[in-house]
Amino acid sequence: MKLLLLLGSNSKAVPFMVLMLVFTGMVEQGQGSTCHNTFLTALVQLIPCRAAVTPFSRIPPSDTCCNAIKTLGQPCLCILVNGPPITGVDRNMARQLPQKCSANFEPCDAMK
């Protein structure tokens with residue numbers, strides 16, 4: 001109720017806030033380790049990997065991409081690849097990033 005009072009009942013920010021809360025909740029779910037980033041923050045960290053996960057891309061992940069994968073960690077990567085669809089991202093290619101980057105992660109399918 002206080003949030004609505006602060007934003008105003010006709011504010012366009014309310015649906016955005018609800019969406020962000022949903023994404024935040026999705027990122028915080030997990031088994032064992034958890035992701036401590038919001039969905040959007042995790043997604044932004046993987047911008048260097050965009051060329052490697054574009055559908056039908058033959059471009060290998062760059063060193064910058066691999067560093068981002070290792071920094072982000074398996075729980076956050078799995079939330080991204082198992083979460084809502086991301087336009088322009090081939091999920092199967094994204095799931096292969098840890099292997100291609102020699103990151104010692106369990107496969108994201110094992111997290112389900």
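# Close-up views of the predicted model

**View 1. The largest pocket holds about 310 Å³ of space.** A pocket is an open set of points on a 1 Å grid over the protein atoms alone, where a 1.4 Å probe fits and protein lies on both sides within 12 Å along at least five of seven lines, and its lining residues have an atom within 4 Å of a point. The volume is the space filled by probe spheres set on the points, which are joined across faces, edges and corners. This is a predicted model, in which local features need pLDDT of at least 70 and side-chain atom pairs count only at pLDDT 80 or more, whereas totals for chains, interfaces and linings use all residues. Residues are numbered from 1 along each chain as its sequence is written, and side-chain values use heavy atoms, with hydrogens and water left out. The lining of the largest pocket consists of 18 residues, and Leu43, Leu46, Val53, Ile86 and Val89 are those that lie nearest its centre. Helices α3, α4, α6 and α7 (91-95) each contribute at least two residues to this lining.

**View 2. The protein chain is built with 8 helices and 0 strands.** Helices (H or I, at least four residues) and strands (E, at least two) are DSSP runs numbered from the N terminus, and the order of elements from that end is α-α-α-α-α-α-α-α. Of the 112 residues in the chain, 30% count as buried, a term that stands for under 20% relative accessible area, with exposed for over 50% and partly exposed in between (1.4 Å probe, protein chains only). Contact is taken as heavy atoms within 4.5 Å; among contacts between residues at least 6 apart in sequence, 61% join residues at least 24 apart. The chain exposes about 7,400 Å², of which carbon and sulfur atoms supply 60%; accessible areas come from the Shrake-Rupley method with a 1.4 Å probe, and for residues only the protein chains shown count as cover.

**View 3. Helix α6, residues 74-82, is mostly covered, with 8 of its 9 residues buried.** The buried residues of α6 are Gln74, Pro75, Cys76, Leu77, Cys78, Ile79, Leu80 and Val81. Two of the α6 residues, Leu77 and Val81, are touched by Ala94, which also touches Val53 and Val89 when residues up to four places away in sequence are not counted. Ala94 itself is placed in helix α7 and is buried, with a relative accessible area of 6%. The C-alpha atoms of Ala94 and Cys108 are 9.9 Å apart in space, while the two residues are 14 apart in sequence.

**View 4. Leu97 is a buried residue, with a relative accessible area of 2%.** Leu97 belongs to helix α8, which spans residues 97-100, and beyond its neighbours within four places in sequence it is in contact with Cys49, Ala52, Val53, Pro61, Cys65 and Ile69. One of these, Ala52, is 45 residues from Leu97 along the chain, and the two C-alpha atoms are separated by 8.3 Å. Another, Cys49, sits in the loop between α3 and α4 and is buried, with a relative accessible area of 2%. Outside its neighbours within four places in sequence, Cys49 is in contact with Cys65, Ile69 and Leu97. Cys49 and Thr64 are 15 residues apart in sequence, with a C-alpha to C-alpha distance of 7.8 Å.

**View 5. Pro55 and Phe56 are in the loop between α4 and α5.** This loop connects α4 (50-53) with α5 (63-72). Pro55 counts as partly exposed, at 37% relative accessibility, and it touches Gly88, Val89, Asp90 and Met93 when residues up to four places away in sequence are left out. From Pro55 to Met93 the C-alpha to C-alpha distance is 7.9 Å, across 38 residues of sequence. Phe56, at 81% relative accessibility, counts as exposed, and it has a positive phi of about 70° although it is not a glycine.

**View 6. Ser102, in the segment after α8, has a positive phi.** The phi of Ser102 is about 55°, although the residue is not a glycine. At 63% relative accessibility, Ser102 counts as exposed.

**View 7. Leu40, Val44 and Ile47 form a nonpolar patch on the surface.** Together these residues have about 270 Å² of accessible area. Patches are made of residues with over 30% relative accessible area and no salt bridge, like charges being joined within 9 Å and nonpolar side chains (Val, Leu, Ile, Met, Phe, Trp, Tyr) within 5 Å; a salt bridge is a side-chain nitrogen of Lys or Arg within 4 Å of a carboxyl oxygen of Asp or Glu. Leu40 has its place in helix α3, residues 39-45, and counts as partly exposed at 44% relative accessibility.
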